[in-house]
Amino acid sequence: MKAWGLRTFALAVSAAIGLSFVAAPAMAQQKTITVWFGKGFYKSEDDALLDAIKKFEAKTGIKVELSQYAIQDMIPKTVAALDSGTVPDVAYSDSYDVQAAGKWAFEGKLEDLSDILTPMKSAFAPNTLETALLYNDVTKKKAYYGFPLKQQSMHVQIWGDMLEQAGFKASDIPTKWEDYWSFWCDKVQPAIRKATGQRIYGVGQPMGVESTDSFQSFYTFMDAYNVKLVDDDGKLLVDDPKVRDGLIHALKDYTDTYVRGCTPPSSTTWKDPDNNVAFHNKTIVMTHNFTISIAAKWFEDSTNPALTPEQRAAGKKAYEETIITASFPNKPDGTPIKYRSDVKTGVIFTAAKNKPEAKEFIKFLLQEENLRPYVEGALGRWFPVTTASQQSRFWQADRHRKAVYAQFTGGTTPFDFTKNYKFTILNNENVWAKAMNRVVSEKVPVDKAVDELIARIKQVAG
């Protein structure tokens, strides 16, 4: 190689080396956070999350490695990550709040997010942010050990066309507690069977031990009888004879639908999707569900380009005409039920490696322009936790969403695990569904099943 060529080559190599030293610090500064999120129910829900992540990456230069898992996999995967010390930087699951977050906070495993949430406090609707205010037994104080994203409550879904086949109208549905359940079992069920010649059930009553629907529905029955298991400080009240009496009435009413043969025999083993499936297949006339995902499924069908025109038309008809979203009847004492709201929360673990960047991501996700598309992407299955999003026109767009809006804005109450974290353990065991199955499958008297239930509550949460 000629001398001038060697000089040129040497200069080029020096320049390249110089550039590599300049670029190295810049590359080292780029951060990556790992985010675990429960898989959405609808594509539009996941698309909204992905869009928010892209915007966050573009704005901050922080890369997000997203992993999404089915709801039933999230807690086992998270527990394994905690055990190994390799936790994600941000984690969210629909099941965390009900079954785990209170325990993790108590054990000091969750990062305090008060520095993010306290300045945003005024943006949250009543009875939402409070769910994340949990007790830490390490610090001996309460703080915001989670971030609220969305909430859900109890609704009744009814096939209006099947009701008409049975010879009834929506206006015929009683509002008195005892009359209401008798209507579905003693009037609608025999009438729809006679009209169709098919073994259709009046009610879809979730009772499976692996179903969150079963304990969320049972809470509504407890609320109908004014059962209060804990006080505001989380102290158990189950030794009060009135509580025991209310539990006996609630469990008897809940299991009577099975005993009387007006819920499918398989409902004792139902998991969360199964009452939805039974409703969609029209083997039941009504069911209660802790979202309007049943109606929303038909809305999604009506807009799904992968379906045939006939299938989309069927979805549109079901959503707009034949499915009714309704409330429970009045309590036995004649007053309206005040529904439980379940506020879904995500977390940062104290063992997370990139906590400052993780907090930046949460702050970004909770901004109105990012959170609202995510919640509305679920097609009404979730209700907003922010006051501004609750006033969105989305919630006035049709009768199903209006029913959800009316139910939430009418006032809700939290679940007991927000006051006593040990109820997350009871929920995880599903002691409520176990008591149901003691009655319907093992033929144990209701009062004995309630005494067993109370004993287990005291053993775990006392």
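**Close-up 1. Asp-46 and Lys-39 form a salt bridge in this predicted model.** The closest N and O atoms of Asp-46 and Lys-39 are 3.0 Å apart. Asp-46 is buried, at a relative accessible area of 7%. That value falls in the buried class because the cut-off is under 20%. Lys-39 is partly exposed, with a relative accessible area of 49%. The pair therefore joins a buried acid to a partly exposed lysine. Side chains of opposite charge can pair when their charged atoms come close. Across the whole structure, the search finds 33 salt bridges.

**Close-up 2. Lys-359 and Asp-115 pair across distant parts of the chain.** A salt bridge joins the two residues, with the closest N and O atoms 3.1 Å apart. Lys-359 sits in helix α14 (residues 355–365), and Asp-115 sits in helix α6 (residues 114–117). In sequence, 244 residues separate them. Lys-359 is buried, with a relative accessible area of 13%. Asp-115 is partly exposed, at 49% relative accessibility. Here the lysine is the buried partner, while the aspartate is partly exposed.

**Close-up 3. Asp-161 and Lys-282 form a salt bridge between a helix and a loop.** Their closest N and O atoms are 2.5 Å apart. Asp-161 belongs to helix α7 (residues 160–165). Lys-282 belongs to the loop between α11 (274–280) and β9 (284–289). The pair links distant parts of the chain, 121 residues apart. Asp-161 is partly exposed, with a relative accessible area of 23%. Lys-282 is also partly exposed, at 29% relative accessibility.

**Close-up 4. Four charged residues make one salt-bridge network.** The members are Glu-111, Asp-115, Lys-355 and Lys-359. Salt bridges with shared partners join them. The pair of Lys-359 and Asp-115 shown in an earlier view belongs to this network.

**Close-up 5. Thr-386 is buried in a loop.** The loop runs between α15 (368–376) and α16 (387–390). Thr-386 has 4% relative accessibility and counts as buried. A polar contact of 3.2 Å joins its side chain to that of Glu-368. Beyond residues up to four places away in sequence, Thr-386 touches Ala-123, Phe-124, Ala-125, Glu-368 and Leu-371. Glu-368 thus appears both as a contact of Thr-386 and as its polar partner.

**Close-up 6. Lys-140 has a positive phi.** The angle is about 65°, although Lys-140 is not a glycine. Most residues other than glycine have a negative phi. Lys-140 lies in the loop between β4 (133–136) and β5 (141–144). Its relative accessibility is 53%, so Lys-140 counts as exposed, the cut-off being over 50%.

**Close-up 7. Lys-443 also has a positive phi.** The value is near 60°, in a residue other than glycine. Lys-443 is found in the loop between α19 (431–440) and α20 (446–461). At 64% relative accessibility, Lys-443 counts as exposed.

**Close-up 8. Domain 1 meets domain 2.** The domain assignment gives domain 1 as 32–151 + 341–415. Domain 2 is 155–338 + 430–461. Their centres, taken over C-alpha atoms, are 27 Å apart. In the interface, 20 residues of domain 1 contact 25 residues of domain 2. The two domains bury about 1900 Å² between them. Carbon and sulfur atoms account for 61% of that area. In domain 1, Arg-399, His-400 and Phe-415 lose the most area to domain 2. Together these three make up 32% of what that side buries.

**Close-up 9. Polar contacts, with no salt bridges, cross the domain interface.** Eleven residue pairs are in polar contact between domain 1 and domain 2. The rule finds zero salt bridges across this interface. On the side of domain 1 that touches domain 2, α4 (96–99), α17 (399–409) and β13 (412–413) each supply at least two residues. The largest share comes from α17, with six residues. By type, the residues of this side divide into seven nonpolar, seven polar and six charged.

Key. Residues numbered from 1 in each chain as written. Predicted model: local features only at pLDDT ≥ 70, side-chain atom pairs only at ≥ 80, totals over all residues. Heavy atoms only, no water. Domains from an automatic or database assignment. Contact = heavy atoms within 4.5 Å. Buried area = accessible area lost by both parts, 1.4 Å probe. Salt bridge = Lys/Arg side-chain N within 4 Å of Asp/Glu carboxyl O. Polar contact = N/O pair within 3.5 Å; in protein donor to acceptor, adjacent residues only side chain to side chain. Helix = DSSP H or I, 4+ residues; strand = E, 2+ residues; numbered from the N terminus. Nonpolar A, V, L, I, M, F, W, Y, C, P; charged D, E, K, R; others polar. Buried < 20%, exposed > 50% of the residue type's maximum accessible area, 1.4 Å probe, protein only.
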